[in-house]
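Colleague: I am new to this structure and would be grateful for a close look at a single part of it. Please take the charged side chains as the topic.

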Number of protein chains: 2
Amino acid sequence: MANANTNVANAAQPANVANAAEPAKTANAAHPQGSTPSLQDLVGYALRRAHNRMMGDLAVTLEPTGLRRVLVAMLAVIRAKPGIIQMGLGTELGIQRANLVPLINELTALDLIDRRLAPHDRRALALFLTAKGEAELDRTLALVLAHEERTLARLTASERKQLLGLLDKIAAD
Amino acid sequence: MANANTNVANAAQPANVANAAEPAKTANAAHPQGSTPSLQDLVGYALRRAHNRMMGDLAVTLEPTGLRRVLVAMLAVIRAKPGIIQMGLGTELGIQRANLVPLINELTALDLIDRRLAPHDRRALALFLTAKGEAELDRTLALVLAHEERTLARLTASERKQLLGLLDKIAAD
DNA sequence: GCATAATGTTGTGGAACATAACAATCAAGG
DNA sequence: CCTTGATTGTTATGTTCCACAACATTATGC
């Protein structure tokens with residue numbers, strides 16, 4: 001019942017909020033009629049708790065690398081789409097371009113990415129991983145892999161695939 | 001592929017980070033051997049996207065009430081455990097007691113909760129919902145119910161129950 | 001009774017995010 | 001061509017959330 005992020009380093013976020021567990025149309029056994037929905041039955045609350053747990057563990061996992069979650073995500077996207085411009089990266093990760101600038105600066109200062117002028121648009125800057133960036137991302141992804149294995153230890157492979165599908169249905173556009 | 005929280009009001013959080021989709025022991029079809037794991041296959045990334053989607057929608061849902069997520073969660077816990085002390089509330093929601101103080105002050109200023117001395121511990125303050133707090137929580141939970149129905153529209157009742165179970169397995173302890 | 005722990009409180013700093021404004025460039029239309 | 005408007009990157013600034021440290025008051029254990 002206690003939250004997961006009580007001591008996971010820097011990752012404690014506030015808390016979820018109340019959410020109703022079941023749609024109104026199908027009253028279930030948990031709180032049949034006028035009974036007040038409990039936080040435990042709410043998907044949103046469970047989602048936040050799981051999120052806190054994973055992000056907290058991920059933060060401590062990434063600690064030795066010196067990279068934060070956002071930076072790793074940025075590296076992964078840049079590897080997947082070499083030459084992506086800043087605006088595109090921001091859109092993909094939900095980061096506004098103003099806030100993206102210092103993050104890009106960090107990665108370039110660490111010599112993990114290169115920033116070159118985009119071929120046909122002299123406003124835009126195309127982003128590429130450096131050799132060091134490739135290597136660093138590989139090492140980091142290995143850690144992240146171990147992290148997922150750790151936090152998802154209670155789930156079978158089929159359950160993980162199920163979960164992935166269900167979450168995607170929620171996040172879908 | 002674009003993130004869900006591009007325009008959902010105040011809810012845009014940075015982004016997830018790379019996570020490996022499958023445990024090392026069972027190589028799957030998505031990225032069989034040395035292939036780099038993609039963000040799309042990572043449970044942690046899907047979790048963050050779903051989290052952003054739901055929390056963003058919840059924030060706009062709660063806007064007309066003037067209450068933030070944390071405050072609603074606090075009210076729900078206090079209703080479930082009347083007389084709970086601040087420390088207990090903080091532990092349950094993953095909020096440090098220092099940060100809890102101004103939140104409690106907000107709720108008392110709104111006349112939604114009462115703060116009385118705990119019976120057998122003159123340090124602690126026991127928390128109770130006021131009549132206004134009860135009513136306000138009821139009205140708010142109705143909105144939250146509609147919010148869950150909206151964001152989980154793509155999931156059947158059985159899928160929602162599955163999801164709840166899987167998420168709880170992650171957040172456990 | 002005294003040392004130690006727990007509870008609430010205050011103050012402070014940092015990280016993440018939003019917003020506004022600006023220069024340079026592109027794109028479209030007159 | 002050239003002017004208007006949109007786009008990209010950038011800087012600056014404010015807000016919010018959270019962590020951490022320190023303190024007074026009260027409980028607890030020896």
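In particular, which side chain meets that of Glu136(A) in a salt bridge?

Modeller: The model is a predicted one, and the side chain in question is that of Arg139(A), with an N to O distance of 2.6 Å in the salt bridge. Both Glu136(A) and Arg139(A) belong to helix 5 of chain A, where three residues, about one turn of the helix, separate them. Their surroundings may be described in terms of accessibility. Glu136(A) has a relative accessible area of 16% and is therefore classed as buried, the limit for that class being under 20%. Arg139(A), by contrast, counts as exposed, because its relative accessibility is 54% and the class begins over 50%. As a general matter, side chains of opposite charge can pair when their charged atoms come close.

Helix 5, which covers residues 131-151, also takes part in a link to another part of the chain. Glu134(A) in helix 5 is paired with Arg79(A) in helix 2, a helix of residues 69-80, and the two partners are 55 residues apart. In this salt bridge the closest N and O atoms lie 2.9 Å from each other. Arg79(A) is buried, at a relative accessible area of 16%, whereas Glu134(A) is partly exposed, at 33%. The pair does not stand alone: a network of salt bridges links Arg79(A), Glu134(A) and Asp138(A).

A further salt bridge joins the side chains of Asp121(A) and Arg123(A), with 2.9 Å from N to O. Here Asp121(A) is partly exposed, having a relative accessible area of 25%, and Arg123(A) is exposed, with a relative accessibility of 73%. Over all chains, the structure holds 18 salt bridges, and those described above are among them.

The setting of these pairs is chain A as a whole. Chain A comprises six helices and two strands, and from the N terminus its elements follow the order α-α-α-α-β-β-α-α. The chain has 173 residues, of which 52% count as buried. Among its contacts between residues at least 6 apart in sequence, 54% connect residues at least 24 apart. The exposed area of chain A is about 7800 Å², and carbon and sulfur atoms supply 55% of that area.

Methods
Residues are numbered from 1 along each chain as its sequence is written. Chains are lettered from A and ligands numbered from 1 in the order in which they are written. This is a predicted model: local features need pLDDT of at least 70, side-chain atom pairs count only at pLDDT 80 or more; totals for chains, interfaces and linings use all residues. Side-chain values use heavy atoms; hydrogens and water are left out. A salt bridge is a side-chain nitrogen of Lys or Arg within 4 Å of a carboxyl oxygen of Asp or Glu. Helices (H or I, at least four residues) and strands (E, at least two) are DSSP runs, numbered from the N terminus. Buried means under 20% relative accessible area, exposed over 50%, partly exposed in between (1.4 Å probe, protein chains only). Contact means heavy atoms within 4.5 Å. Accessible areas come from the Shrake-Rupley method with a 1.4 Å probe; for residues, only the protein chains shown count as cover.
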